[in-house]
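Student: I should like to learn how the features of a protein model are read. Could we work through one case together?

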Amino acid sequence: MATVDEIIEQIEKLSVLDLVKLTKELQEKWGVSAAAAMPAMVMAAPVGGAGAAPVEEAPTEFNVILTGLADASKKVNVIKVVRELTSLGLGEAKAVVEGAPKTVNASVLSKEDAEVMMKKLVEGGATAEVKPA
């Protein structure tokens, strides 16, 4: 069995996309969330008045959506980017590109990671967007 230090060394070698996938799978397996605990003061009921408006929470998960091809001649490049961002095979990635609009990555845990993925798709020749999950 690997020690904690060995596991940490292996995690340090993972790409950002693999870390996101690992985090999501661990959350699903153990039913936990990586979100920070809210301070007790925020959770307390309002002191005055009965009808305080509920506070809207900022989205914590985002979907990266391939909306189409900006340039049809770059279809192969977009397929390569989709394969890079997912664990899909060639045929599956081609089906995603040809079936746009399609979600490439669902429930990405940070907006920054989702925007990096979207940028890669756009640079590859696609049109893409990030939406809250």
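The dialogue below takes up the overall fold, one buried residue, the backbone and the surface.

Student: What kind of model is this, and how are its residues numbered?

Tutor: This is a predicted model, in which local features need pLDDT of at least 70 and side-chain atom pairs count only at pLDDT 80 or more, while totals for chains, interfaces and linings use all residues. Residues are numbered from 1 along each chain as its sequence is written, and side-chain values use heavy atoms, with hydrogens and water left out.

Student: How many helices and strands does the protein have?

Tutor: Helices (H or I, at least four residues) and strands (E, at least two) are DSSP runs, numbered from the N terminus. Here there are six helices and three strands, in the order α-α-α-β-α-α-β-α-β from the N terminus on.

Student: Is Met 117 buried or exposed?

Tutor: Buried means under 20% relative accessible area, exposed over 50%, and partly exposed in between (1.4 Å probe, protein chains only). Met 117, in helix α6 (residues 111-124), counts as buried because its relative accessibility is 1%. Of the 133 residues of the protein, 23% count as buried.

Student: Which residues does Met 117 touch?

Tutor: Contact means heavy atoms within 4.5 Å. Leaving aside residues up to four places away in sequence, Met 117 touches Leu 17, Val 64, Leu 85, Asn 105 and Val 108. Across the protein, among contacts between residues at least 6 apart in sequence, 70% join residues at least 24 apart.

Student: Which backbone features deserve attention?

Tutor: Most residues other than glycine have a negative phi, and most peptide bonds are trans. In this model, the peptide bond from Ala 100 to Pro 101 is cis, with omega near 10°; Pro 101 is found in the loop between α5 (90-98) and β2 (102-108). Ser 107, in strand β2, has a positive phi of about 60° although it is not a glycine. With a relative accessible area of 18%, Ser 107 is buried.

Student: Which residues form the negative surface patch?

Tutor: A patch is made of residues with over 30% relative accessible area and no salt bridge (a side-chain nitrogen of Lys or Arg within 4 Å of a carboxyl oxygen of Asp or Glu). Like charges are joined within 9 Å; Asp and Glu count as negative, with the charge placed at CG of Asp or CD of Glu. The patch here is formed by Asp 5, Glu 6, Glu 9 and Glu 12. Glu 6 is found in helix α1 (residues 4-12) and, at 39% relative accessibility, counts as partly exposed.

Note on methods: Patch = residues over 30% accessible without salt bridge, like charges linked within 9 Å, V, L, I, M, F, W, Y side chains within 5 Å. Areas by Shrake-Rupley, 256 points an atom, 1.4 Å probe, with all protein chains shown as cover.
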